[in-house]
Amino acid sequence: MWFGIVSLFPEMFDIATQAGVLGRAVTQGVVNLEVFNPREFVTDKHRTVDDRPYGGGPGMVMMVEPLTRALQAARKVAADRTLDAPVVYLSPQGDRLDQRKVANLARYEGLILLAGRYEGVDERVIEAEVDEELSIGDYVLTGGELPAMIVMDAISRLLPGTLGNAASALEESHLDGLLDYPHYTRPENTAAGRVPPVLLGGDHAAVRNWRRKEALRRTWQVRPDMLAQRPLSDEERKLLAELFDLDLD
Ligand code: SAM
């Protein structure tokens, strides 16, 4: 998958793309990354990319021209490679990112990620150039670079060939509307406690059942809102009823 990043801080992407799963994906060519710095698309002596807001108020706003040129350069690269690559602006005002959105975005051949700075970008850029606005949560960061890296990281682990064990992408929090079950590894006994005996017995059905139950327990306790949005199977109703002595009929 190709990522065209529009950012004033290209060097920030070095860290994310040099280590871990995303780093390996870049090395193996599963993920390709190109950064388009709006500053490279201006000709004035000071390489100006921001200006004061009309109407007054604090901070600076990213200007239309440098951003538009950088976005068009990214679009051209995508078009030359015949990649379908929508423009996503990372913004606290966007739709909230979740695992379902990550999976949808992973279907594209490419994405152009626009990282804002200062007070944000001139609204006309959003109207003319942006296909989708995406927020990583209800808080405000200083720039869109970390959100862009989060989007790339979450997408890259869904791409074929990036995870050592493809099954790990199939069994985890949020995928089927539940949080993940607890994980344990060797040794069996530590000062911090013992591994639940069911995981040691080799009874695959019992392990599956226990994991399902623990995933339900956690979700019910920590994120009941997730369960409220998801239909429960008969088996899940039974497990929840057992766990919390509930009457769910
Ligand atoms: N004035 C803007 C507002 O209140 O919506 C905030 C601008 S913020 C200081 C600068 C940039 O950081 C934004 O243009 C955006 O790209 C990025 N950003 C900040 N918080 C974000 C979030 N929660 N999700 C995605 N991007 C975010």
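The following exchange goes through salt bridges and buried residues in a predicted model.

Author: Residues are numbered from 1 along each chain as its sequence is written, and side-chain values use heavy atoms, with hydrogens and water left out. Because the model is predicted, local features need pLDDT of at least 70 and side-chain atom pairs count only at pLDDT 80 or more, while totals for chains, interfaces and linings use all residues.

Reader: Why is the pair Arg-217 and Glu-214 called a salt bridge?

Author: A salt bridge is a side-chain nitrogen of Lys or Arg within 4 Å of a carboxyl oxygen of Asp or Glu. The closest N and O atoms of Arg-217 and Glu-214 are 3.0 Å apart, so the pair meets the rule. By this rule the count comes to 15 salt bridges.

Reader: Where do Arg-217 and Glu-214 lie?

Author: Both are in helix H7 (residues 204-222), three residues apart, about one turn of the helix. Helices here are DSSP runs of H or I with at least four residues, numbered from the N terminus.

Reader: What makes Glu-214 buried?

Author: Buried means under 20% relative accessible area, exposed over 50%, and partly exposed in between (1.4 Å probe, protein chains only). Glu-214 has 13%, so it is buried. Arg-217, at 28%, counts as partly exposed.

Reader: How do you know that Glu-242 forms a salt bridge with Lys-238?

Author: Their closest N and O atoms are 3.9 Å apart, which is within the limit, so the pair counts. The two residues are four apart in helix H9 (residues 234-244), about one helical turn. Lys-238 counts as exposed at 56%, whereas Glu-242 is partly exposed at 46%.

Author: Elsewhere, Asp-176, Arg-212, Arg-230 and Glu-236 are joined into one network by salt bridges that share partners.

Reader: What are the values for Arg-230 and Glu-236, and are these residues buried or exposed?

Author: The closest N and O atoms of this salt bridge are 2.9 Å apart. Arg-230 has a relative accessibility of 15% and therefore counts as buried; Glu-236, at 4%, also counts as buried.

Reader: Which residues of helix H2 are buried?

Author: In H2 (residues 20-27) they are Leu-22, Gly-23 and Ala-25.

Reader: What puts them on the same side of H2?

Author: They cover an arc of only 160° around the axis, so they lie on the same side of H2; the arc is that of the directions from the helix axis to the C-beta atoms.

Reader: What covers these buried residues?

Author: The cover includes helix H1 (12-16) and helix H6 (145-156), where contact means heavy atoms within 4.5 Å.
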